[in-house]
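Thank you all for coming. Please have the sequence and the coordinates open while I talk, and stop me whenever something is unclear.

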Amino acid sequence: MSAAGGAAPAAPSPAPRRRARRGAGRAASWLPGLLLVSPSIVLIAVFVYGMIGWNTALALSDKHAPIEEGSFAGLENLAALWQEARWPAAVANAAVFTVFFVGGALLLGWLLGLLLEKGIAGEPVLRTLFLAPMAVSFIATGVVWRWLMNPAPAERATGLNALFVHLNLDFLVNDWWTAPDLGMAAMALPAVWQLSGYIMALFLAGFRGVPEELREAARVDGCSEWQVYRHVVMPQLRPVTLTAVIILGHMSLKVFDLIIAVAGKQIAADVPAVYMWTMVFEVRDPAKGAAIATYLLLAVAVFVVPYLVWTVRKERSEGR
Amino acid sequence: MSGTVPGADRVIAAGGRTAGTTRRGQAVKFAVLLALAVLFLLPMYVLLVTGFKPFAEATAGRAWLPPREWSLQGWAAAWEALAPGLWNSVRMAVPSAVLSALLGSMNGYVLARWRFPGADAVFTLFLFGMFIPYQAVMIPLQQTLVSANLMGGLFPLILAHTVYGIPICTLIFRNYYAAVPHTLIEAARVDGAGMLGTYARVVLPLSAPAFAVTLIWQATSAWNDFLFAVFLTGPDSWPVTVQLNNVAGSMVVPYNQQMAAAVLASLPTLAVYLVLGRYFMRGLMAGALKG
């Protein structure tokens, strides 16, 4: 992978000769490029950063009705959320969902990758099957899983509860997402079903990217196959794991569609994104809706920003 | 961003090496994989089996049994309810995919091959746009569209999917163009081609695979989106996800129709995935930034 064309001035260019030749008339050489990107720069500046700024200003205002003007109110809205019952409960739900969704998809995706990595009969079919849910919307997934996770008791049971009764596994019959404590763990099931194939693909690429010579060397040194995984392969998978956690984590914090499709707006499965939606459409309180959106943005930004900066820097230092 | 990303699908497709595995180990693995495959197939089984039952049979008692009588009632009803939404989704997903792919191609070319001072910062700021929760822009976006009198119809959705699709498309094209041999670009420059000339004569003709990846990725994301759809469209312009949710959220709609509707709404993206899987896969890998 050779270096990108005319490297940025700050970057260590692998081809100083070319740089010197193009030294004169530098601005003339980069200006057309900047012009070509400028429509997108304007769009991103307005629709991403401008609107984030506007939303933040709204969150810091007292515009509690769409027609009000609103004036600066400081952190009032952001603080007030924690005083009520609904917001902390929604945050707790999102936290439980995140733990089970990220953990579950990571574990299952890793297991699938591990089982497939050395090649097995029917691998292409299996891969296609495990990844297929990724092509479907969370709404469609939610429609099926709401039926599967129907909490109706034994005699009226549908879905998985009915299957459990059918197979004499009555002890497995449960309330699914309506359970008071760990209901959100059940809610994570469809999300795990949908995303673990994706994580499998990431890990599969990771596993197969480990050079065979490394493994062979460890085997020659007398390592068992298990030790090869433990000491040679797994350490090489750390970057992939980090990526998987970032992807799953940022999806999890803003989960919305799936909750709506499985539970509607029922308070048992309330999460910040659903709360924000009701603030905008039912309560019609822009300031409060914006405050919730600000928390969502902060929750994602605290881990995504360092990750992005780290990735771009690392790439630069590798001279790409 | 990483050099391994564009090739990740090929690494996966290349298959594994069986060194160090015993025959018994293979058998155990295969059994576990098969069990997991059955679990993964359960929801798909339910969708099809329930979808093909007549109204009277879609009840709790026979939930897991195949239909006694195969029926198209559910499908006909689902088609009737979803047809406008399916059409709206096509009219919204295709143009927004094309527009963001074009913008992404131009940006990717410049960021990989015609860099300007601050290009890294711009690229990083673009990438962040890929991860933001769209809730953080939704209220201002909605207000802007309302006050500009642009609400109604599919324009708001096309605008949103185009703009918020720019980051991922830029990323995919940038990685793709970074791998184009340097000599090709230099040769065009020596021939006196400027930036646009090189882009049009050398780079664009090479771009078909990257366009396939971004178009599939963007069209699939737009098709499956629900968040922008509920905030930015009304009953006349609801895409299929909103209509599916309305069908399924209603207490009076029987299960056979709900399941048939879920299948209908998913068929286009599933078909693209099954036919053009390797391009779909590359989009996924690009979405992961690093392979």
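**A covered helix, a core and an interface**

I would like to start in chain B with helix α11(B), whose buried residues are V240(B), T241(B), V242(B), Q243(B), L244(B), N245(B), V247(B) and A248(B). Before going further, I should say that this is a predicted model, in which local features are considered only where pLDDT is at least 70. The helix runs over residues 240-249 of chain B, and with eight of its 10 residues buried it is mostly covered. What covers these buried residues? From chain A the cover includes α6 (138-148) and α12 (257-263), and from chain B it includes α3 (73-113), α9 (208-224), α10 (227-232) and α12 (255-275).

If we take L244(B) from that helix and set aside neighbours within four places in sequence, its contacts are I139(A), A140(A) and V143(A) in chain A, together with L82(B), A261(B), A262(B) and A265(B) in chain B. L244(B) also appears among the residues with the most contacts inside the largest nonpolar core, a core of 185 residues, and the others listed with it are A201(A), I259(A), L296(A), A261(B) and A262(B). The largest share of this core, 17 residues, is contributed by helix α8 of chain A, residues 183-209.

Let me step back to chain B as a whole. Its secondary structure amounts to 13 helices and zero strands, and 53% of its 291 residues are buried. The C-alpha trace spans about 75 × 65 × 30 Å along its principal axes. Of the contacts in chain B with a separation of 6 or more, 78% are between residues 24 or more positions apart.

Now to the interface, where 99 residues of chain A are in contact with 92 residues of chain B. On the side of chain A that touches chain B, helix α2 of chain A, residues 26-59, gives the most, with 18 residues, and that side as a whole divides into 67 nonpolar, 19 polar and 13 charged residues.

One residue of chain A with partners in both chains is L126(A), which touches L116(A), L33(B) and A37(B) once residues up to four places away in sequence are left out. L126(A) lies in helix α5 of chain A, residues 123-131, and it counts as buried because 22 other C-beta atoms are found within 10 Å. Its partner L116(A) is 10 residues apart from it along the chain, with 8.8 Å between the two C-alpha atoms.

Finally, two helix pairs share α4(B), residues 119-131 of chain B. Within chain B, the axes of α4(B) and α6(B), the latter being residues 155-178, come within 8 Å and cross at roughly 120°, and the two helices are therefore oblique to each other. Their crossing is left-handed. On the α4(B) side the contact is made by F126(B), L127(B), G129(B) and M130(B), and on the α6(B) side by Y164(B), I166(B), P167(B), I168(B), T170(B) and L171(B), which divide into eight nonpolar, two polar and no charged residues.

Across the interface, α14(A), residues 286-317, and α4(B) have axes that come within 10 Å and cross at roughly 145°, and this crossing is right-handed. Here α14(A) uses V300(A), V304(A), V305(A), L308(A), V309(A), V312(A) and R316(A), while α4(B) uses D120(B), F123(B), T124(B), L127(B), F128(B) and F131(B). Those residues divide into 10 nonpolar, one polar and two charged.

Notes. Residues are numbered from 1 along each chain as its sequence is written. Chains are lettered from A and ligands numbered from 1 in the order in which they are written. This is a predicted model: local features need pLDDT of at least 70, side-chain atom pairs count only at pLDDT 80 or more; totals for chains, interfaces and linings use all residues. Two residues are in contact if their C-beta atoms, placed from the backbone, lie within 7 Å. Helices (H or I, at least four residues) and strands (E, at least two) are DSSP runs, numbered from the N terminus. Ala, Val, Leu, Ile, Met, Phe, Trp, Tyr, Cys and Pro count as nonpolar, Asp, Glu, Lys and Arg as charged, and the others, Gly among them, as polar. A residue is buried if 20 or more other C-beta atoms lie within 10 Å of its own, exposed if 12 or fewer, and partly exposed in between; C-beta atoms are placed from the backbone. A nonpolar core is a set of buried Ala, Val, Leu, Ile, Met, Phe, Trp, Tyr and Cys residues joined through C-beta atoms within 7 Å. Axes are lines fitted to C-alpha atoms, for helices over the stretch in contact, and angles run from 0 to 180 degrees between N-to-C directions. Angles under 35 degrees count as roughly parallel, over 145 as roughly antiparallel, 65 to 115 as roughly perpendicular and the rest as oblique. A crossing is left-handed if the near helix is turned anticlockwise from the far one by less than a right angle, and right-handed if clockwise.
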